Amino acid sequence: MELQALYDLQERLEATAAAGVRLAGEDFRLKRAVDSIAPLADASPVIKKLYLMAAQTIAPDCKDRARTLLDTLALSEAILCTQAGCGVPGTLVPLELAMRPFSPCQPFRAVKPLLEALTGTGGGRYAVISEALQNTPELFDDYRVQAAMVPALSDRYNEIAALAEDWLSHQDESFLPLLKQGFAECSDGGRVRRLRVIEAISGEKENDFYISLLDWAKKDLREEAVSALRFDKRNSGLLLDLLKTEKGSSLEVARQVLVHMDTAESERYLETLLDSTPWEAMKYLNFSRSDHLSARLGALAHIFFDELDLSSENKTKEQKEKKEQKEHLELLLEALTGKADSSVLALYERAAAADWNKKSYYGRFPELLSRSIARSLDERLITCARTLAETHGKAWYPASLTADLLTMSAKTVYDQYRERFPKTSILGIGKEEKSRATTALMAVFGQINYVERSGRHEYFIPLREGGGRQCLIKLQRPLKENLDPRWFEFFTGSMVPVREGISCVAENGTPQKLDSDHLLAKMAAPEVRPLLGSHLYKKALIVSDNSVLYRPLIQCGWTDFKGLVARYVENNEDSGISFWRVRQLIDQLPMTEEEKRQEFREIDNFICTYPVKSAVRKNWDSSSMMRKMIDEAAGII
């Protein structure tokens, strides 16, 4: 069928729609186009319908010419689409499309400030983006915002680029085309961030892409491309080749990635390294799970501790030798992490039997055993921890607690370990020993965080790479069951005093020292937050410096902060309270503007009970300018 007449009609209908329908009945070109398809009307019912609708469009008695024209135009376009075709010589290659789930387009006035912050320059943009992520995350469902997040990876402000990287790293593979588009043309930092996002989204699926980057990537991008080879163990051979060609930091990355894979190739490489430079090899053994290497490491460890035991009795060692022994001890303990060969298990027995008062280095083995269990969950280590806890007592309770949290029901763990926490004594008998035991058990809970995304309590294990990079690697393992809520009732009771300087791990894998209040806040699940929040609030009303409790209260979702800053001022009136200090404290709290003004009024009323020239008011309203700022903050003027 000759379709030219249909194309002519389509063209005239579009021209009429653009020009307006008022003169459509007098358009002789449109009338000619309608008449030209009359012969085709008998060939197809749908074309006959098109002809009748087109004729009605130009009929003098047409009552709704605009609607009729649009219906005719729609039918004409549909017919031409069904008849269309295209083709070029060669092999068809599927297009890589950025297909994402449909999401409602947000009003432009809502996304405009966010788009300007993501694509613009200058200061103040970070606050706009971070507040939108926290308060209006639905704006990031808009396709315009999503498209702007990828170029933001190259933003000159690292904070903004880091926000974009974190958000994109939690998206799906539909973003890959956008991430690869313009990859080579963006900034150096942008390429590295794009690659890290691709790794987070796709892992080993993009292995060919990672390998292709090695043909031209340099410096930081090359390091990251080599690091990306870790997802596919089939890259072991390629990594062995890179060890012969790479230099500097890229060589160190290739070595780290190879030993992390724990393959036959990496085991042979470590064997060779252990034969030639054993202490250098230990920098890379902490991620090996090979029993053969574990046995060799255990044998070396026994020799080392034999020498260390002798040197502890011989006080004439040179300072240089002592320093070297200390360095080797750190390397050895890191390398032993996760190892469970019989020679390594014998080390734990040896440590348990030693006199820690004379040989304090053996006192580090309980913590090593805890870390090893969390790292490997090897049944031999779990059995070892439980046996030592039964035979050698409380020093080994933290290791057995770690094992049981990861393998037993929450109720069983609580029932078993609730009584293992030392009780405080009115007479202070054994106070120091009980304090150490309690802190060691609390340190196990310090490794646990409640992860909002998974809704699980997870045990975090920070491990540091050996060699030159010393990068911190975060490993995490969910508990068998979420913690029994009774733990929070127990910890907030009077029998367990507040502990400070407890070894903990943040959710980002960073080791830190916290007190027990902050520890409980970071591992509080939603169902226990009201209980913990109530405990912290009551405590904040009586302690002298309650400002340290603001953050854990916010973490617990607590909403009643009225009077807390005022109480802080009352308890610290002699410390030179200033307007700026009060504003800093109030701005930390999620209060309404009226609540903040009320807090200022209450504080001002209290301070003004003192004489004008008193020390308490010296830093408060000693000048007219300060008085004015206080009145403005209190809503008086």
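**Two positive phi values, one helix face and two cores**

Let us start at Lys 219, which belongs to helix α12, spanning residues 219-227. This is a predicted model, and in it Lys 219 takes a positive phi of about 50° although it is not a glycine. Most residues other than glycine have a negative phi. With over 50% as the mark for exposed, Lys 219 counts as exposed because its relative accessibility is 72%.

A second positive phi turns up at Leu 377, again not a glycine, with a value near 55°. Leu 377 sits in the loop between α20 (365-376) and α21 (379-392). This leucine is partly exposed, at 29% relative accessible area.

Now turn to helix α5, residues 108-119, whose buried residues are Val 111, Leu 114, Leu 115, Ala 117 and Leu 118. They cover an arc of only 160° around the axis, so they lie on the same side of α5. An α-helix has 3.6 residues a turn, so residues three or four places apart point the same way. The cover over the buried residues of α5 includes α6 (125-135) and α7 (143-149).

From here, step back to the nonpolar cores. The largest one has 155 residues, and those with the most contacts inside it are Leu 179, Phe 305, Tyr 348, Phe 365, Leu 369, Phe 445 and Trp 487. At least three residues of this core come from each of domain 2 (107-166) and domain 3 (561-634). Another core lies apart from it, with 20 residues that include Leu 9, Leu 13, Ile 47 and Ala 54.

For a closer look, try Phe 305: leaving aside residues up to four places away in sequence, Phe 305 touches Leu 329, Leu 332, Leu 347, Arg 350, Tyr 361, Tyr 362 and Phe 365.

Notes
Residues are numbered from 1 along each chain as its sequence is written. This is a predicted model: local features need pLDDT of at least 70, side-chain atom pairs count only at pLDDT 80 or more; totals for chains, interfaces and linings use all residues. Side-chain values use heavy atoms; hydrogens and water are left out. Helices (H or I, at least four residues) and strands (E, at least two) are DSSP runs, numbered from the N terminus. Buried means under 20% relative accessible area, exposed over 50%, partly exposed in between (1.4 Å probe, protein chains only). The arc is that of the directions from the helix axis to the C-beta atoms. Contact means heavy atoms within 4.5 Å. A nonpolar core is a set of buried Ala, Val, Leu, Ile, Met, Phe, Trp, Tyr and Cys residues joined through side-chain atoms within 4.5 Å. Domain bounds come from an automatic or database domain assignment.
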